[in-house]
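Hi,

Here is the structure I promised to pass on. Have a look at it first, and then read on for what turned up.

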Amino acid sequence: QVQLVESGGGLVQPGGSLRLSCAASGSSFAINTMGWYRQAPGNQRELVATITRGGSTNYADSVKGRFTISRDNNNNTAFLQMSSLKPEDTAVYYCKFGVTPTTWVAGSFDFWGQGTQVTVSS
């Protein structure tokens with residue numbers, strides 16, 4: 001069983017930077033792909049960035065060159081470094097971890113964080 005706790009959201013001015021983190025708590029699991037998603041009012045949830053266990057990354061076109069996803073496997077944590085923020089980046093950001101249990105029910109499961117608000121405004 002896994003819980004994801006997000007932090008780092010807040011209000012930032014255009015052009016500013018913010019770093020989000022997502023830490024998994026629990027035991028008896030391995031984390032596969034980590035990802036960040038976002039959902040703005042009136043919009044569908046969209047993928048922002050993902051990173052595999054081996055460190056391969058992919059990004060939405062809208063954030064390429066500005067956002068960087070990373071992970072700390074020893075601490076079961078994902079990060080999203082956001083730079084050159086724009087008002088259109090305003091959204092609730094959610095982390096999602098793909099999890100494989102080690103001692104509990106077999107299978108693969110997606111776990112989501114609670115969401116953290118990022119507001120980019122002057």
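Two aromatic rings are taken as a pair if their centres lie within 6.5 Å, with Trp represented by its six-membered ring. With that in mind, ring pairs join Tyr 37, Tyr 94 and Trp 112 into a cluster in this predicted model.

The structure holds two aromatic pairs. In one of them, the ring centres of Tyr 37 and Trp 112 are 5.1 Å apart and the planes meet at 55°, so the pair is tilted. Tyr 37 belongs to strand β4 and Trp 112 to strand β10, 75 residues apart, so this contact links distant parts of the chain. Tyr 94 and Trp 112 form an edge-to-face pair, with 6.5 Å between centres and 80° between planes. Tyr 94 is in strand β9, so its pairing with Trp 112 ties together parts 18 residues apart in sequence.

Which members of the cluster are buried, and which partly exposed? Tyr 37 is buried at 13% relative accessibility, as is Tyr 94 at 15%, while Trp 112 is partly exposed at 36%.

Arg 45 adds to the picture: it lies over the face of Tyr 94, 3.7 Å from the ring centre, and its charged end also sits over the ring of Trp 112, 4.8 Å from the centre.

As for the strands, β4 pairs with β9 in the antiparallel sense over nine bridges, and Trp 36 stands opposite Cys 95 there. Five bridges join β4 to β5, again antiparallel, with Tyr 37 opposite Leu 47. In the hairpin of β4 and β5, Gly 42 takes a positive phi near 80°.

Best wishes

Terms used:
Residues are numbered from 1 along each chain as its sequence is written. This is a predicted model: local features need pLDDT of at least 70, side-chain atom pairs count only at pLDDT 80 or more; totals for chains, interfaces and linings use all residues. Side-chain values use heavy atoms; hydrogens and water are left out. Two strands pair if DSSP finds at least two bridges between them. Helices (H or I, at least four residues) and strands (E, at least two) are DSSP runs, numbered from the N terminus. Rings of Phe, Tyr and Trp (its six-membered ring) pair if their centres lie within 6.5 Å; planes under 30 degrees apart count as stacked, over 60 as edge-to-face and the rest as tilted. Buried means under 20% relative accessible area, exposed over 50%, partly exposed in between (1.4 Å probe, protein chains only). A charge sits over a ring if NZ of Lys or CZ of Arg is within 6 Å of the ring centre and within 35 degrees of the ring normal.
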